[in-house]
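Here's a quick walk through a model you may want open in your viewer. Take a look, then read on.

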Amino acid sequence: LVCFYYGSNTSEREILLGFIQPVSQSMDVDTGKTNTPVTTNEKQLISRPQTSRARAVALPEVDLYIHLIVLLHLIDRNSLKSALDCAKRLVDKTSVLNRRTLDLLAAKCYFYYARIFELNNMLDTIRP
């Protein structure tokens, strides 16, 4: 997901992948191949035009949502130090943007920002 949406923005992609890569563990992969033919409708769903990718990256809603998913991944894996860095970056992004469509996402960002500080026993340092 990160590689797909941040194809042209290499700096942001590398930052988010840096949070994900060290935490990821080996996954069980089914190596058995199925011989089901791909229909034309499935081919259309698989190949997406470049314009939709460029449009999606330009939306700050998509950017914050993907960043929030990465933060939740770090919390689930109990990688609290990386989650703290990720949460700080997320709140910095959120505070710069001023769009009404971001209010619901911003509320979740601030909630998880406070939650990370709580999990790290640093809740007293969250206020200036």
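## Overall picture

What percentage of the 128 residues of the protein count as buried? The figure is 31%. Keep in mind that this is a predicted model.

As for secondary structure, the protein has seven helices and zero strands, so there's no sheet to trace, given how helices and strands are assigned here. Going along the sequence, the pattern reads α-α-α-α-α-α-α. The accessible surface adds up to about 9200 Å², and carbon and sulfur atoms own 54% of that. If you count contacts in the protein with a separation of 6 or more, 66% of them come from residues 24 or more positions apart.

## Ile-66 and its contacts

Helix α5 covers residues 60-76, and Ile-66 is found in it. Its relative accessible area is 4%, so Ile-66 counts as buried, the limit being under 20%.

Which residues touch Ile-66, leaving aside its neighbours within four places in sequence? They are Leu-1, Val-2, Tyr-5, Tyr-6 and Leu-16. Tyr-5 makes a nice example of a contact between distant parts of the chain: Tyr-5 and Ile-66 are 61 residues apart along the chain, yet their C-alpha atoms are separated by 8.9 Å.

## Aromatic pairs

The structure holds two aromatic pairs. One is Phe-111 with Tyr-112: the ring centres sit 4.9 Å apart and the planes meet at 75°, so this pair is edge-to-face, for which the angle has to be over 60 degrees. Tyr-112 has 22% relative accessibility, so it lands in the partly exposed class.

The other pair is Tyr-113 with Phe-117, again edge-to-face, with 4.8 Å from centre to centre and 65° between the planes. Both residues belong to helix α7 (residues 103-119), where they are four residues apart, or about one turn of the helix. Are Tyr-113 and Phe-117 buried or exposed? Both are buried.

## Two asparagines with positive phi

Most residues other than glycine have a negative phi. With that in mind, have a look at Asn-78, whose phi is near 60°. Asn-78 sits in the loop between α5 and α6 (80-96). Its relative accessibility is 57%, so Asn-78 counts as exposed, the cut-off being over 50%.

Asn-121 also has a positive phi, near 55°. You'll find Asn-121 in the segment after α7, and at 69% relative accessibility it counts as exposed.

Methods:
Residues are numbered from 1 along each chain as its sequence is written. This is a predicted model: local features need pLDDT of at least 70, side-chain atom pairs count only at pLDDT 80 or more; totals for chains, interfaces and linings use all residues. Side-chain values use heavy atoms; hydrogens and water are left out. Rings of Phe, Tyr and Trp (its six-membered ring) pair if their centres lie within 6.5 Å; planes under 30 degrees apart count as stacked, over 60 as edge-to-face and the rest as tilted. Buried means under 20% relative accessible area, exposed over 50%, partly exposed in between (1.4 Å probe, protein chains only). Contact means heavy atoms within 4.5 Å. Accessible areas come from the Shrake-Rupley method with a 1.4 Å probe; for residues, only the protein chains shown count as cover.
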